Amino acid sequence: MGAELWDLWFPNAGATGVPFARARVDGAVASDLVLVHAAPPALDVDVRADDGTRIARGHGLERGAPGPMSFLVRNGDAILLEDGWPTADDLGRLVILPGGEAGILTAWWHADDLRSWRWQVEFSNSLD
């Protein structure tokens, strides 16, 4: 699996929407579940291969619960959005931040009342 371009769009802002994040990532790292930090209430998502071919999409996705993270789940060529809080099972997953920076979730903790959380993300870049 090669590089993928994850293009996240907030369709309900302005006259025609605004970009939320665009991240070029390793498709093997993205796999079938990607975390998104501080996602807007609605998202359109297009995933494209390095050659520009669309390989997955999710349009009209809406958040149903507050929280710092959302999950984008790839099911074949469809992208679904799920609400939730990361667990230890999510360590090592790709997380996309607003603007498009992408890193690997290395630590996560949240209070039982969901009013506070602490997390760490590792970033790595290459000019290749």
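Begin with the largest nonpolar core of this predicted model, which has 21 residues. Select Trp6, Leu8, Leu43, Val45, Leu72, Ile79 and Ile96, the residues with the most contacts inside this core. If you then colour the strands, you will find that E1 (3-10), E2 (18-26), E3 (33-37), E4 (42-49), E5 (54-62), E7 (78-83) and E8 (94-96) each supply at least two residues of the core, and that the largest share, four residues, comes from E2.

Stay in this region and centre the view on leucine 72. Its neighbours within four places in sequence left aside, leucine 72 is in contact with Trp6, Leu8, Asp32, Leu33, Val34, Val36, Val45, Leu61, Ile79, Leu80 and Leu81. A second, separate core has 10 residues, and to locate it you can select Met69, Phe71, Val95 and Leu97, which are among them.

Next, show the backbone of strand E6, residues 69-75, together with E7: the two strands pair in the antiparallel sense over six bridges. Serine 70 stands opposite aspartate 83 in E7, and at the turn of this hairpin, where two residues lie between the strands, glycine 76 takes a positive phi near 65°.

Two further residues deserve a look at the backbone. Alanine 38, in the loop between E3 and E4, has a phi near 55°, a positive value in a residue other than glycine; alanine 38 is partly exposed, with a relative accessible area of 35%. Leucine 114, in the loop between strand E9 (102-110) and strand E10 (117-122), likewise has a positive phi, near 60°, and is partly exposed at 36% relative accessible area.

Now turn to the aromatic rings, among which three pairs are counted. Tryptophan 85 and tryptophan 117 form an edge-to-face pair, 5.5 Å centre to centre with 70° between the planes; because tryptophan 85 lies in the loop between E7 and E8 and tryptophan 117 in strand E10, the pair ties together parts that are 32 residues apart in sequence. Tryptophan 85 counts as buried at 18% relative accessibility, whereas tryptophan 117 is partly exposed at 37%.

Move on to tryptophan 108 and tryptophan 119, whose ring centres are 6.1 Å apart and whose planes are at 55°, so this pair is tilted. Tryptophan 108 belongs to strand E9 and tryptophan 119 to strand E10, 11 residues apart; the former counts as buried at 15% relative accessibility, the latter as partly exposed at 24%. Select Trp85, Trp108, Trp117 and Trp119 together to see the cluster into which ring pairs link them.

Finish at tryptophan 109, where arginine 118 lies over the face of the ring, at 4.9 Å from the ring centre.

Conventions:
Residues are numbered from 1 along each chain as its sequence is written. This is a predicted model: local features need pLDDT of at least 70, side-chain atom pairs count only at pLDDT 80 or more; totals for chains, interfaces and linings use all residues. Side-chain values use heavy atoms; hydrogens and water are left out. A nonpolar core is a set of buried Ala, Val, Leu, Ile, Met, Phe, Trp, Tyr and Cys residues joined through side-chain atoms within 4.5 Å. Buried means under 20% relative accessible area, exposed over 50%, partly exposed in between (1.4 Å probe, protein chains only). Contact means heavy atoms within 4.5 Å. Two strands pair if DSSP finds at least two bridges between them. Rings of Phe, Tyr and Trp (its six-membered ring) pair if their centres lie within 6.5 Å; planes under 30 degrees apart count as stacked, over 60 as edge-to-face and the rest as tilted. A charge sits over a ring if NZ of Lys or CZ of Arg is within 6 Å of the ring centre and within 35 degrees of the ring normal.
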